[in-house]
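Work through the three exercises below with the coordinates open. Each task is followed by a solution in steps.

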Amino acid sequence: MTPKVSILIPVFNREHMISECIQSALDQTFTDFEVVVVDNASDDGTWEICQRFASMDSRVRIFRNNTNVGPVRNWMRCAELARGVYSKILSVM
């Protein structure tokens with residue numbers, strides 16, 4: 001089934017912030033959404049945290065670039081992987 005909304009989270013080396021970011025997306029009262037996380041070849045614990053969320057909630061879809069493609073190409077990859085009718089980038093700052 002196609003979700004109404006795709007929440008797109010491009011991320012690189014945000015081990016200390018990614019949990020709060022993903023959890024904030026999952027805590028929404030609107031439920032017809034997916035969370036698409038694309039890790040841009042992080043070298044900290046970001047990927048492992050993303051894997052943990054994906055294993056706990058099927059709405060979280062995770063992908064990892066083999067090499068860092070830069071921020072703009074990572075945002076574009078998020079958009080390409082989105083299945084929702086609408087999408088919104090959620091920044092990990």
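A residue is called buried when its relative accessible area is under 20%, exposed when over 50%, and partly exposed in between. The model is predicted.

**Exercise 1.** Classify Asp57 and Arg59 by accessibility, and state what their side chains form.

Solution.
1. Asp57 has a relative accessible area of 17%. The cut-off for buried is under 20%, so Asp57 is buried.
2. Arg59 has a relative accessibility of 23% and therefore counts as partly exposed.
3. The side chains of Asp57 and Arg59 form a salt bridge, with an N to O distance of 2.8 Å.

**Exercise 2.** How many salt bridges are there, and which residues are linked with Glu34 in a network of them?

Solution.
1. A salt bridge requires a side-chain nitrogen of Lys or Arg within 4 Å of a carboxyl oxygen of Asp or Glu. The count by this rule is four.
2. One of them joins the side chains of Arg61 and Glu34, at 2.9 Å from N to O. Arg61 belongs to strand β3 (residues 60-64) and Glu34 to strand β2, so this pair ties together parts 27 residues apart in sequence.
3. Arg61 and Glu34 are both buried; for Glu34 the relative accessible area is 2%.
4. Glu34 also forms a salt bridge with Arg83, where the closest N and O atoms are 3.1 Å apart. Arg83 sits in the loop between α3 and β4 (86-89), while Glu34 is in strand β2, so here the parts tied together are 49 residues apart in sequence.
5. Arg83 is partly exposed, at 45% relative accessibility.
6. The network of salt bridges therefore links Glu34 with Arg61 and Arg83.

**Exercise 3.** Locate Asn40 and Asn74, decide whether each is buried or exposed, and list polar partners of the Asn40 side chain.

Solution.
1. Asn40 is placed in the loop between β2 (33-39) and α2 (46-56). Asn74 is in helix α3 (residues 71-81).
2. Asn40 has 3% relative accessibility and counts as buried. Asn74 is buried too, with a relative accessible area of 2%.
3. The side chain of Asn40 makes a polar contact of 3.1 Å with the side chain of Asn68. A polar atom of the Asn40 side chain also lies 2.9 Å from the backbone nitrogen of Val69.
4. Leaving aside neighbours within four places in sequence, Asn74 is in contact with Pro10, Val11, Val38, Asn40, Asn65 and Val69. With the corresponding exclusion, the residues that Asn40 touches include Val11, Asn65, Val69 and Asn74.

Conventions
Residues are numbered from 1 along each chain as its sequence is written. This is a predicted model: local features need pLDDT of at least 70, side-chain atom pairs count only at pLDDT 80 or more; totals for chains, interfaces and linings use all residues. Side-chain values use heavy atoms; hydrogens and water are left out. Helices (H or I, at least four residues) and strands (E, at least two) are DSSP runs, numbered from the N terminus. Buried means under 20% relative accessible area, exposed over 50%, partly exposed in between (1.4 Å probe, protein chains only). Contact means heavy atoms within 4.5 Å. A polar contact is a pair of N or O atoms within 3.5 Å; within protein, one must be able to donate a hydrogen and the other to accept it, and residues adjacent in sequence count only if both atoms are side-chain atoms.
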